[in-house]
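Thanks for asking me to look this over. Here are my notes, point by point, to read with the structure open beside you.

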Amino acid sequence: MCCKLMHFPALTKPRHIWCPKYRKGAGCSIYPDRPDECVQFMCLYLQADELPDNWRPDKAKFMIWTGREANRLIIEVDPHHPLAWKQPAYYPQIKTWSDRRHPEPFEVTVRVGDRVTVVFPEADIDLGVDQGRPIESGYEVIAGAMLPYARFVPA
Ligand code: SF4
């Protein structure tokens, strides 16, 4: 799935388009000589032994990675299956990961095409089309209540 969903500059391949080196049923046609970016990229499924088989990206129709910041989980969804992450087999676990009361909390973002959503246990905040700027998120007091917020950092 990373061969479709990710943009690797060395390949001049846009996101969401299968890499021209990928062969259906066979995988990477240049596997021994694939670029370093492909060698180094590891999605969460490859790193987390405890994730069951239905979380394998080609089955789940999304892929989870941590990006540059280890405290951010990015759920990159196949645009042809935009609601895959909301299926009962996955959504409750994604909500659990989004709980900021964990000792090492994650900011959980879901990307479907160019749209970005930040997930909290009590809300999914749709930020709309990615503005190419950092995201800040957390909780703030609004009208006396502690509520989740997420927004692009102003330019
Ligand atoms: S070069 Fe190979 S491993 Fe890298 S994205 Fe293309 S098919 Fe996937």
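1. Start with the hairpin formed by β6 and β7, which has 2 residues between its strands. The two strands run antiparallel, and 6 bridges join β6 to β7 (residues 123-129). For a landmark, look at F120, which stands opposite A123 in β7. Please keep in mind throughout that this is a predicted model.

2. Now step back along the chain to the hairpin of β5 and β6, where again 2 residues lie between the strands. G113 sits in that turn and has a positive phi of about 60°. Here 5 bridges join β5 to β6 (residues 115-120), and the strands run antiparallel. V108 faces a partner in this pairing: V119 in β6 stands opposite.

3. How do these strands fit into the sheet, and in what order do they come? The sheet is open and has 5 strands, in the order β3-β4-β5-β6-β7. Its pairing is mixed, even though the β5 and β6 pair is antiparallel. At the edges you will find β3 (62-65) and β7, each of which pairs on one side only. From one strand to the next, the twist averages 20°.

4. There is another hairpin to look at, made by β8 and β9. Strand β8 (residues 135-142) pairs with strand β9 (residues 145-152) in the antiparallel sense, over 8 bridges. Within this pair, E140 stands opposite L147 in β9. The hairpin has 2 residues between its strands, and A143 in the turn has a positive phi of about 50°.

5. F106 deserves a moment of your time. You can find F106 in the loop between α5 (91-97) and β5 (107-112). Is F106 buried or exposed? The answer lies in between: F106 is partly exposed because 18 other C-beta atoms lie within 10 Å, whereas 20 or more would make a residue buried and 12 or fewer would make it exposed. Leaving out residues up to four places away in sequence, F106 touches N71, R72, L73, W97 and S98.

6. Next, the ligand. Which residues surround the ligand? They are C3, F8, L11, C19, K21, Y22, C28, I30, R34 and C38. By class, this shell divides into 8 nonpolar and 2 charged residues, with no polar ones. One of the residues around the ligand, I30, also gives a useful distance to F106: their C-alpha atoms are separated by 35 Å, and the two residues are 76 apart along the chain.

7. Finally, the domains. The assignment for the protein chain gives domain 1 (1-40) and domain 2 (42-129). Their C-alpha centres lie 21 Å apart. What does each domain bring to the contact? Domain 1 gives 4 residues and domain 2 gives 8 residues. On the side of domain 1 that touches domain 2, the residues are 3 nonpolar and 1 polar, with no charged ones.

Technical notes. Residues numbered from 1 in each chain as written. Predicted model: local features only at pLDDT ≥ 70, side-chain atom pairs only at ≥ 80, totals over all residues. Near = placed C-beta within 6 Å. Nonpolar A, V, L, I, M, F, W, Y, C, P; charged D, E, K, R; others polar. Helix = DSSP H or I, 4+ residues; strand = E, 2+ residues; numbered from the N terminus. Contact = placed C-beta atoms within 7 Å. Pairing = 2+ DSSP bridges. Domains from an automatic or database assignment. Axes fitted to C-alpha atoms, helices over the stretch in contact; angles between N-to-C directions.
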